[in-house]
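The following paragraphs lead the reader through one protein chain and its ligand, beginning with the overall fold and ending at the binding site. Please keep the sequence and the model in view while reading.

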Amino acid sequence: MQKALIIVDIQNDFLPGGSLAVPSGNEVIAWINEIQPRYDLVAATQDWHPPGHVSFASSHEDKEPFDKIEVHGHPQVLWPEHCVQGTPGAEFPAELDLQQVAAIFRKGMDPEVDSYSGFFDLGRRQSTGLADWLKGMEIDEVHICGLAAEICVAYTARDAAEQGFATAVLERGTRSIDQKDYEQGKADLEEAGIQFFS
Ligand code: VGL
Ligand code: ZN
(Lines give C-alpha, C1' and ligand atoms only; values in the text may rest on other atoms or scores of the structure.)
(Ligands and ions follow the chains in the order given, each with its own letter.)
Protein backbone atom coordinates (compact mmCIF):
# COMPACT_ATOMS: atom_id res chain seq x y z
CA MET A 1 0.00 0.00 0.00
CA GLN A 2 1.36 3.38 -1.02
CA LYS A 3 -0.30 6.12 0.99
CA ALA A 4 -0.75 9.80 0.14
CA LEU A 5 -1.82 12.70 2.32
CA ILE A 6 -3.90 15.39 0.66
CA ILE A 7 -3.91 18.71 2.50
CA VAL A 8 -6.99 20.64 1.39
CA ASP A 9 -7.13 24.44 1.25
CA ILE A 10 -5.09 25.39 4.32
CA GLN A 11 -5.07 29.03 3.20
CA ASN A 12 -5.18 32.31 5.07
CA ASP A 13 -8.75 33.16 4.04
CA PHE A 14 -10.00 29.93 5.66
CA LEU A 15 -8.19 30.62 8.95
CA PRO A 16 -9.40 32.85 11.81
CA GLY A 17 -9.10 36.44 10.58
CA GLY A 18 -9.67 35.39 6.95
CA SER A 19 -12.67 36.30 4.80
CA LEU A 20 -14.23 32.80 4.96
CA ALA A 21 -12.79 31.68 8.26
CA VAL A 22 -13.34 28.18 9.56
CA PRO A 23 -13.62 28.37 13.37
CA SER A 24 -10.43 26.96 14.97
CA GLY A 25 -9.08 26.16 11.51
CA ASN A 26 -5.62 27.16 12.68
CA GLU A 27 -5.65 24.36 15.27
CA VAL A 28 -5.05 21.67 12.64
CA ILE A 29 -1.81 23.02 11.21
CA ALA A 30 0.70 21.74 13.79
CA TRP A 31 -0.73 18.21 13.65
CA ILE A 32 -0.75 18.19 9.84
CA ASN A 33 2.92 19.17 9.92
CA GLU A 34 3.63 16.38 12.37
CA ILE A 35 2.02 13.59 10.32
CA GLN A 36 3.42 14.43 6.88
CA PRO A 37 6.54 12.22 7.32
CA ARG A 38 4.30 9.15 7.74
CA TYR A 39 3.21 9.32 4.08
CA ASP A 40 4.82 8.16 0.84
CA LEU A 41 3.53 11.27 -0.90
CA VAL A 42 2.01 14.58 0.19
CA ALA A 43 -0.04 16.92 -2.02
CA ALA A 44 -1.87 20.14 -1.26
CA THR A 45 -4.85 21.83 -2.90
CA GLN A 46 -5.20 25.59 -3.21
CA ASP A 47 -8.47 27.41 -3.84
CA TRP A 48 -7.39 29.96 -6.48
CA HIS A 49 -10.17 32.16 -7.82
CA PRO A 50 -9.94 34.97 -10.36
CA PRO A 51 -11.44 38.33 -9.25
CA GLY A 52 -15.19 38.40 -9.92
CA HIS A 53 -15.54 34.62 -9.58
CA VAL A 54 -19.07 33.26 -9.99
CA SER A 55 -19.06 31.87 -6.41
CA PHE A 56 -18.66 35.33 -4.86
CA ALA A 57 -21.85 37.04 -3.64
CA SER A 58 -20.29 40.32 -4.79
CA SER A 59 -20.37 39.06 -8.39
CA HIS A 60 -24.19 39.02 -8.35
CA GLU A 61 -26.63 41.87 -7.94
CA ASP A 62 -28.64 41.92 -4.70
CA LYS A 63 -27.00 38.81 -3.27
CA GLU A 64 -25.46 38.27 0.14
CA PRO A 65 -22.86 35.75 1.22
CA PHE A 66 -24.43 32.34 1.98
CA ASP A 67 -27.41 32.96 -0.34
CA LYS A 68 -28.10 30.04 -2.66
CA ILE A 69 -28.57 30.42 -6.40
CA GLU A 70 -28.35 28.28 -9.54
CA VAL A 71 -25.36 28.49 -11.85
CA HIS A 72 -25.63 26.62 -15.17
CA GLY A 73 -28.30 24.40 -13.62
CA HIS A 74 -26.30 23.54 -10.50
CA PRO A 75 -27.02 24.81 -6.97
CA GLN A 76 -24.35 27.27 -5.85
CA VAL A 77 -23.80 28.75 -2.40
CA LEU A 78 -22.51 32.30 -2.66
CA TRP A 79 -19.44 33.08 -0.57
CA PRO A 80 -17.64 36.16 0.61
CA GLU A 81 -14.73 36.96 -1.71
CA HIS A 82 -11.94 34.56 -0.80
CA CYS A 83 -8.72 33.07 -2.11
CA VAL A 84 -8.36 35.55 -4.95
CA GLN A 85 -5.31 34.70 -7.05
CA GLY A 86 -2.22 36.54 -5.89
CA THR A 87 -3.75 37.97 -2.69
CA PRO A 88 -2.46 37.24 0.84
CA GLY A 89 -5.74 35.43 1.63
CA ALA A 90 -4.97 32.83 -1.04
CA GLU A 91 -1.51 32.09 0.35
CA PHE A 92 -0.63 29.18 2.60
CA PRO A 93 0.04 30.32 6.17
CA ALA A 94 3.70 30.50 7.13
CA GLU A 95 3.11 27.87 9.86
CA LEU A 96 2.17 25.18 7.31
CA ASP A 97 5.19 23.06 6.47
CA LEU A 98 5.36 22.71 2.67
CA GLN A 99 8.74 21.00 2.53
CA GLN A 100 7.29 17.55 1.89
CA VAL A 101 4.51 18.77 -0.41
CA ALA A 102 5.38 17.28 -3.81
CA ALA A 103 2.70 19.12 -5.79
CA ILE A 104 0.04 21.78 -5.35
CA PHE A 105 -3.21 21.39 -7.26
CA ARG A 106 -5.01 24.68 -7.83
CA LYS A 107 -8.76 24.79 -8.35
CA GLY A 108 -11.62 27.23 -8.89
CA MET A 109 -9.78 29.07 -11.66
CA ASP A 110 -12.65 28.95 -14.17
CA PRO A 111 -14.51 32.25 -13.59
CA GLU A 112 -17.86 30.55 -14.31
CA VAL A 113 -17.57 27.28 -12.35
CA ASP A 114 -16.86 26.61 -8.68
CA SER A 115 -14.66 23.77 -7.55
CA TYR A 116 -14.73 22.23 -4.07
CA SER A 117 -13.01 18.94 -4.76
CA GLY A 118 -9.31 18.73 -5.46
CA PHE A 119 -10.15 16.37 -8.32
CA PHE A 120 -12.98 17.91 -10.39
CA ASP A 121 -15.00 21.13 -10.62
CA LEU A 122 -18.65 21.10 -9.53
CA GLY A 123 -19.88 20.81 -13.12
CA ARG A 124 -17.47 17.88 -13.62
CA ARG A 125 -16.23 19.59 -16.76
CA GLN A 126 -12.56 19.65 -15.86
CA SER A 127 -10.16 17.49 -13.93
CA THR A 128 -7.19 18.97 -12.04
CA GLY A 129 -5.12 15.91 -12.93
CA LEU A 130 -4.83 14.89 -9.27
CA ALA A 131 -6.25 11.37 -9.78
CA ASP A 132 -3.93 10.55 -12.68
CA TRP A 133 -0.97 11.98 -10.81
CA LEU A 134 -1.69 9.85 -7.73
CA LYS A 135 -2.15 6.76 -9.89
CA GLY A 136 1.10 7.51 -11.70
CA MET A 137 2.79 7.60 -8.30
CA GLU A 138 1.26 4.18 -7.55
CA ILE A 139 -0.82 5.50 -4.68
CA ASP A 140 -3.74 3.31 -3.67
CA GLU A 141 -4.75 4.88 -0.34
CA VAL A 142 -5.38 8.56 0.39
CA HIS A 143 -5.91 10.36 3.68
CA ILE A 144 -7.53 13.76 3.54
CA CYS A 145 -7.25 16.68 5.94
CA GLY A 146 -7.69 20.46 5.77
CA LEU A 147 -10.54 22.97 5.45
CA ALA A 148 -13.44 23.12 5.41
CA ALA A 149 -14.53 19.66 6.58
CA GLU A 150 -18.06 19.68 5.12
CA ILE A 151 -17.11 21.43 1.88
CA CYS A 152 -13.77 20.96 0.14
CA VAL A 153 -12.58 18.08 2.36
CA ALA A 154 -15.87 16.19 1.89
CA TYR A 155 -16.00 16.72 -1.88
CA THR A 156 -12.36 15.70 -2.24
CA ALA A 157 -12.96 12.55 -0.19
CA ARG A 158 -16.00 11.58 -2.25
CA ASP A 159 -14.11 11.95 -5.52
CA ALA A 160 -11.07 10.08 -4.16
CA ALA A 161 -13.25 7.10 -3.26
CA GLU A 162 -15.00 7.27 -6.61
CA GLN A 163 -11.63 7.25 -8.36
CA GLY A 164 -10.88 3.95 -6.64
CA PHE A 165 -8.60 5.03 -3.80
CA ALA A 166 -9.07 3.61 -0.32
CA THR A 167 -10.08 6.88 1.34
CA ALA A 168 -10.06 8.20 4.88
CA VAL A 169 -10.80 11.61 6.37
CA LEU A 170 -8.50 12.53 9.26
CA GLU A 171 -10.79 14.23 11.75
CA ARG A 172 -7.95 15.61 13.86
CA GLY A 173 -6.79 17.46 10.77
CA THR A 174 -10.04 19.10 9.77
CA ARG A 175 -12.60 21.61 11.09
CA SER A 176 -16.06 22.50 9.79
CA ILE A 177 -17.86 25.79 9.31
CA ASP A 178 -21.20 24.19 10.25
CA GLN A 179 -21.07 21.15 12.52
CA LYS A 180 -24.57 19.95 11.62
CA ASP A 181 -23.83 19.99 7.88
CA TYR A 182 -20.63 18.14 8.62
CA GLU A 183 -22.36 15.36 10.57
CA GLN A 184 -24.94 14.91 7.80
CA GLY A 185 -22.30 14.81 5.08
CA LYS A 186 -20.22 12.40 7.16
CA ALA A 187 -23.05 9.86 7.25
CA ASP A 188 -23.31 9.99 3.44
CA LEU A 189 -19.56 9.61 3.01
CA GLU A 190 -19.44 6.67 5.40
CA GLU A 191 -22.11 5.02 3.30
CA ALA A 192 -19.89 5.57 0.26
CA GLY A 193 -17.17 3.56 2.01
CA ILE A 194 -15.05 6.44 3.26
CA GLN A 195 -13.43 5.93 6.64
CA PHE A 196 -13.17 8.55 9.35
CA PHE A 197 -10.10 8.34 11.60
CA SER A 198 -10.41 10.30 14.84
C1 VGL B 1 -14.17 26.21 0.26
C2 VGL B 1 -16.11 27.39 0.08
C3 VGL B 1 -15.67 28.00 -1.08
C4 VGL B 1 -13.36 25.22 1.04
C5 VGL B 1 -13.70 26.80 -0.89
O6 VGL B 1 -12.12 25.17 0.88
O7 VGL B 1 -13.95 24.45 1.84
N8 VGL B 1 -15.38 26.51 0.74
N9 VGL B 1 -14.45 27.69 -1.55
ZN1 ZN C 1 -13.64 28.90 -3.10
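The protein chain has 198 residues, and a compact globule of that length would have a radius of gyration near 16 Å; the chain has 16 Å, so it agrees with this expectation. The model is a predicted one. Taken along the principal axes, the C-alpha atoms fill a box of roughly 50 × 35 × 30 Å. Of the 198 residues, 51% are buried. Among the contacts with a separation of 6 or more, 73% are made by residues 24 or more positions apart. The surface that the protein chain exposes amounts to about 9,300 Å², of which carbon and sulfur atoms supply 47%.

The secondary structure consists of four helices and eight strands. Followed along the sequence, these elements give the pattern β-α-β-β-β-β-α-β-α-β-α-β.

Helix H3 merits separate attention. This helix spans residues 149-162, has 14 residues and reaches 18 Å from its first C-alpha to its last, close to the 20 Å expected at 1.5 Å a residue. Is H3 largely enclosed by the rest of the structure, or largely free of it? Buried here means under 20% relative accessible area. Ten of the 14 residues of H3 meet that description, so the helix is largely enclosed by the rest of the structure. The buried residues are Ala149, Glu150, Ile151, Cys152, Val153, Ala154, Thr156, Ala157, Asp159 and Ala160. Their packing partners are four strands, E1 (3-8), E5 (101-107), E6 (141-146) and E7 (166-174), together with helix H4 (179-191). Just after H3, Gly164 adopts a positive phi of about 95°.

Two of the buried residues of H3, Ile151 and Cys152, also belong to the surroundings of ligand 1. The other residues around the ligand are Asp9, Phe14, Leu20, Asp47, Trp79, His82, Tyr116, Leu147 and Ala148. Which residues place N or O atoms by the polar atoms of the ligand? In the side chain of Asp47, an N or O atom is 3.1 Å from a nitrogen atom of ligand 1. Leu147 contributes a backbone N or O atom, which lies 3.3 Å from an oxygen atom of the ligand. Cys152 likewise contributes a backbone N or O atom, at 3.2 Å from an oxygen atom of ligand 1. On its own, ligand 1 has 260 Å² of accessible area, and the protein covers 100% of it.

Methods: Residues are numbered from 1 along each chain as its sequence is written. Chains are lettered from A and ligands numbered from 1 in the order in which they are written. This is a predicted model: local features need pLDDT of at least 70, side-chain atom pairs count only at pLDDT 80 or more; totals for chains, interfaces and linings use all residues. Side-chain values use heavy atoms; hydrogens and water are left out. The expected span of a helix is 1.5 Å times one less than its number of residues. Buried means under 20% relative accessible area, exposed over 50%, partly exposed in between (1.4 Å probe, protein chains only). Contact means heavy atoms within 4.5 Å. A residue is near a molecule or strand if one of its heavy atoms lies within 4 Å of it. A polar contact is a pair of N or O atoms within 3.5 Å; within protein, one must be able to donate a hydrogen and the other to accept it, and residues adjacent in sequence count only if both atoms are side-chain atoms. Accessible areas come from the Shrake-Rupley method with a 1.4 Å probe; for residues, only the protein chains shown count as cover. The radius of gyration is taken over C-alpha atoms; the globule rule is 2.2 Å times the number of residues to the power 0.38.
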